[in-house]
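Trainee: Please take one part of this structure and look at it closely. Then connect that part to the rest of the chain for me. I am new here, so keep the steps short.

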Amino acid sequence: MHSFTDFFKGFERLPAVRSIFGDETENVLSQLKVEFFSSKFGYMGVSDEDGHLIVSAYYLREGETVSKYLDVIHELVHVKQFRNGMALFDETYEYHNRPTELEAYKLAVEEARRLGMSDRELFEYLKVDWMSEEEVRKLAKNLGIKVTPKRAQERVR
Ligand SMILES: [Zn+2]
């Protein structure tokens with residue numbers, strides 16, 4: 001376990017992060033622990049046991065910078081939810097409909113738009129290997145991201 005602020009610098013100054021924790025921002029981030037794991041699979045998550053951040057070291061090395069940045073914003077929303085006693089993985093909802101996920105994605109999407117990301121780029125960002133194309137489309141729709149229609153299949157003669 002490491003200290004979040006030893007590895008993730010300056011997040012306490014971001015308006016997006018301050019919108020999550022308010023005046024508690026420095027306090028929460030300075031107490032936040034981060035655990036790294038080594039696997040080619042997975043990205044980031046928050047423990048529903050004690051609310052610490054879990055990060056794939058492989059993803060940190062190989063992932064796209066903007067994706068990693070947006071993921072941190074997303075996960076910090078889960079950190080707040082955990083602190084507020086919410087169940088992070090409420091299985092009565094599918095992932096793309098789960099209120100805790102939608103809240104986390106909503107802030108990440110706002111931040112992405114502020115950075116100038118287009119809906120098409122956001123749709124690409126949402127794609128992960130454990131969600132089907134259909135589920136990603138539903139998630140995008142729930143987040144107000146315009147999805148390009150499926151390309152019409154070319155007919156083969
Ligand atoms: Zn999430």
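Mentor: Start at glutamate 35, which lies in strand E2, spanning residues 33–37. Keep in mind that this is a predicted model. How exposed is glutamate 35? Its relative accessible area is 32%, so it counts as partly exposed. A place in a charged patch requires over 30% and no salt bridge. Glutamate 35 has such a place: together with Asp48, Glu49 and Asp50, it makes up a patch of negative charge on the surface.

Now follow the chain beyond the patch. Histidine 52 sits in the loop between E3 and E4. Is histidine 52 buried or exposed? It is buried, because its relative accessibility is 9% and the limit for buried is under 20%. Take a distance from there. Phenylalanine 41 is 11 residues away from histidine 52 along the chain, and their C-alpha atoms are 19 Å apart.

Glycine 51 offers another link. Its C-alpha atom is separated by 8.0 Å from that of histidine 78, across 27 residues of chain. Histidine 78 belongs to helix H5. With 5% relative accessibility, histidine 78 is therefore buried.

Helix H5 leads us inside. The largest nonpolar core has 44 residues, and Phe4, Phe11, Leu76 and Leu126 touch the most other members. Several elements supply at least two residues each, among them helix H2 (15–21), helix H3 (25–31), strand E3 (44–46) and strand E4 (53–56). Helices H5 (65–83), H6 (99–114), H7 (119–126) and H8 (133–142) also do so. Which element gives the most? That is H5, with seven residues.

Step over to helix H2, where valine 17 is placed. Valine 17 has a relative accessible area of 0%, so it is buried. Valine 72 lies 55 residues from valine 17 in sequence. In space, the two are 9.5 Å apart, C-alpha to C-alpha.

Go back a few residues to arginine 13. Its place is the loop between helix H1 (4–7) and H2. Arginine 13 is exposed, because its relative accessibility is 64% and exposed begins over 50%. Its side chain meets that of glutamate 12 in a salt bridge, at 3.9 Å from N to O. Look to leucine 143 as well. It is 130 residues from arginine 13 along the chain, and 25 Å separates their C-alpha atoms.

How many salt bridges are there? The count comes to 10, including the one just described between glutamate 12 and arginine 13. Another joins the side chains of arginine 61 and glutamate 62, at 4.0 Å from N to O. Both partners are exposed. Arginine 61 has 57% relative accessibility. Glutamate 62 has a relative accessible area of 52%.

Arginine 113 and aspartate 119 form one more salt bridge, with the closest N and O atoms 3.1 Å apart. Here the partners fall into separate classes. Arginine 113 is partly exposed, because its relative accessible area is 36%, which lies between the limits of 20% and 50%. Aspartate 119 is buried, because its relative accessibility is 18% and the limit is under 20%.

Now return to the start. Glutamate 35, in strand E2, shares a negative patch on the surface with Asp48, Glu49 and Asp50. Histidine 52 follows in the loop between E3 and E4, and there it is buried at 9%. Glycine 51 gives the link to histidine 78, at 8.0 Å between C-alpha atoms. Histidine 78 is part of helix H5.

Terms used: Residues numbered from 1 in each chain as written. Predicted model: local features only at pLDDT ≥ 70, side-chain atom pairs only at ≥ 80, totals over all residues. Heavy atoms only, no water. Patch = residues over 30% accessible without salt bridge, like charges linked within 9 Å, V, L, I, M, F, W, Y side chains within 5 Å. Areas by Shrake-Rupley, 256 points an atom, 1.4 Å probe, with all protein chains shown as cover. Lys, Arg positive; Asp, Glu negative; His and termini not counted. Charge placed at Lys NZ, Arg CZ, Asp CG, Glu CD. Helix = DSSP H or I, 4+ residues; strand = E, 2+ residues; numbered from the N terminus. Buried < 20%, exposed > 50% of the residue type's maximum accessible area, 1.4 Å probe, protein only. Core = buried A, V, L, I, M, F, W, Y, C linked by side-chain atoms within 4.5 Å.
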